Amino acid sequence: MFAKEFSDYIEKKIKGKHQKVNSNKTGDNEISFRFNNSELMKNINNNNILWDIPTNESISSHRRTVGKGIVFGKKIVRKLLYWLVTRPLIQQKEFNGSVTRSLNELATTQQGLINAYNHSMEKLVQKNNYLIQQISSLNEKNDSLSRQLQNTNTNINEKESFPVDYKKFEDMFRGDEEEIVKTQVEVYSDYLKDKGSLLDLGCGRGEFLQEFNNRGIDVLGVDIDKELAEYCSIKGIPVLNEDIFAFFERNQRKFDAITCFHVIEHLYPYQIIEMVNEVYSSLNEEGLAIFETPNPECLYNLAYGFTIDMSHKKLVHSYTLKFIMEEVGFKDVKIKHLAPVEESVSLMTNSNNSIEDENFKKLNNLLFGYQNYAIIGRK
């Protein structure tokens, strides 16, 4: 029974993998397997000493006169009690010897297992240290690649930038501020008349914000161009000079309406989707979003409008933008076509042929249709 308990004890300790981690002077980790077996080894040592039960000790007597009789009597008694006492003692002695030898063998096996375990753990520590070195090396390479990627992105942004006086550019090619705001007010006044707050993304010269600021709406503009932002501030319009996505990253405010005029064509497709999501998240319930951008269905606009600004990325079809808004969650999404090309630019007909006139009408719609369109949706 004791041998079984001892075996189970060793097996439990090995399976439990009790380990102790110590740091040496060089900083390496040493993992070893130990348990407190001093009491156990003490018992085994005692067994090695006490297992041999004496069963045939000599019989003697110190009495001179009757000593021989006493010795003879004791021998007779021992022979009579042999099966009752001496025989069981001999069996117990054999059992003690067997158990003691088993315990010694188990103790030797235990030490061998501990040594093998510690050796394996040393190997694992060496492999672990090697992996740590490899991971550290990979982290250094990753940091280096990140720096290279950051520099690459910076170079790309610099190459993609349009380093001109953008206010002067807008004054020349976008049109007069008063004319533009007059047109925008006519188009969007009814949509914004009951709104208490308005955010304009890519607000440019701020003419739209200024008009509705004068009407008592709480307005805020965001524009990445520093000169345009300063120009708006001079006019008393609150404008933040930062990237739209940087603004959304830190913004916690909700707005009743968010407008975004002629910004989408400056973005990549994934940025358009991200911006529509951010606009949706930044609106109050029943809030309104308005996006205005050049119309790709007007080829005249492609030739004389879109390509003038070198910072434009690509045209976005109204059906595509409507689909994106509806997927994000906008309701009642409407398309509104704006800024038709002047009739004097369109193809003229002087024919009594109805088929020819119909064909010219189709050509005029394709070549000289609406230059812009607006997408309007509610949260």
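A residue is called buried here when its relative accessible area is under 20%, exposed when that area is over 50%, and partly exposed in between, with a 1.4 Å probe and protein chains only. By that rule Asn 251, which lies in the loop between H9 and S6, is buried, with a relative accessible area of 15%.

The model is predicted, so local features need pLDDT of at least 70 and side-chain atom pairs count only at pLDDT 80 or more, while totals for chains, interfaces and linings use all residues. Residues are numbered from 1 along each chain as its sequence is written, and side-chain values use heavy atoms, with hydrogens and water left out.

**Overall picture**

The protein holds 13 helices and nine strands, where helices (H or I, at least four residues) and strands (E, at least two) are DSSP runs numbered from the N terminus. Of its 379 residues, 33% count as buried. The accessible surface of the protein, taken from the Shrake-Rupley method with a 1.4 Å probe, comes to about 24,500 Å², and 52% of it belongs to carbon and sulfur atoms. Among contacts (heavy atoms within 4.5 Å) between residues at least 6 apart in sequence, 69% join residues at least 24 apart.

**The cores and helix H10**

A nonpolar core is a set of buried Ala, Val, Leu, Ile, Met, Phe, Trp, Tyr and Cys residues joined through side-chain atoms within 4.5 Å. The largest such core has 30 residues, of which Leu 201, Met 275, Val 276, Val 279, Phe 291, Leu 321 and Phe 330 touch the most other members. Elements that give two or more residues to this core include strand S3 (197–201), strand S6 (255–261), helix H10 (269–281) and strand S7 (283–294). Apart from this core lies another, of 23 residues, among them Leu 209, Phe 212, Ala 257 and Leu 288. Leu 201 itself touches, among residues more than four places away in sequence, Val 222, Phe 248, Ile 258, Met 275 and Val 279, to name some of them.

Helix H10 has 13 residues, which at 1.5 Å a residue should span 18 Å (1.5 Å times one less than the number of residues), and its end C-alpha atoms are 19 Å apart, which agrees. Its buried residues are Gln 271, Ile 272, Met 275, Val 276 and Val 279. They cover an arc of only 135° around the axis, judged by the directions from the helix axis to the C-beta atoms, and this puts them on the same side of H10. An α-helix has 3.6 residues a turn, so residues three or four places apart point the same way. The buried residues of H10 pack against S3, H9, S6, S7 and H12.

**Loop side chains and unusual phi values**

Asp 225 lies in the loop between S4 and helix H8 (226–234). The table lists polar contacts, meaning pairs of N or O atoms within 3.5 Å in which, within protein, one must be able to donate a hydrogen and the other to accept it, and residues adjacent in sequence count only if both atoms are side-chain atoms.

| Side chain | Backbone atom | Distance |
|---|---|---|
| Asp 225 | nitrogen of Glu 227 | 3.1 Å |
| Asp 225 | nitrogen of Leu 228 | 2.9 Å |
| Asn 251 | oxygen of Arg 253 | 3.0 Å |

Most residues other than glycine have a negative phi. His 262, in the loop between S6 and H10, nevertheless has a positive phi of about 55°, and His 262 is buried, with a relative accessible area of 17%. Glu 286, found in strand S7, has a positive phi of about 65°, and at 46% relative accessibility Glu 286 counts as partly exposed.
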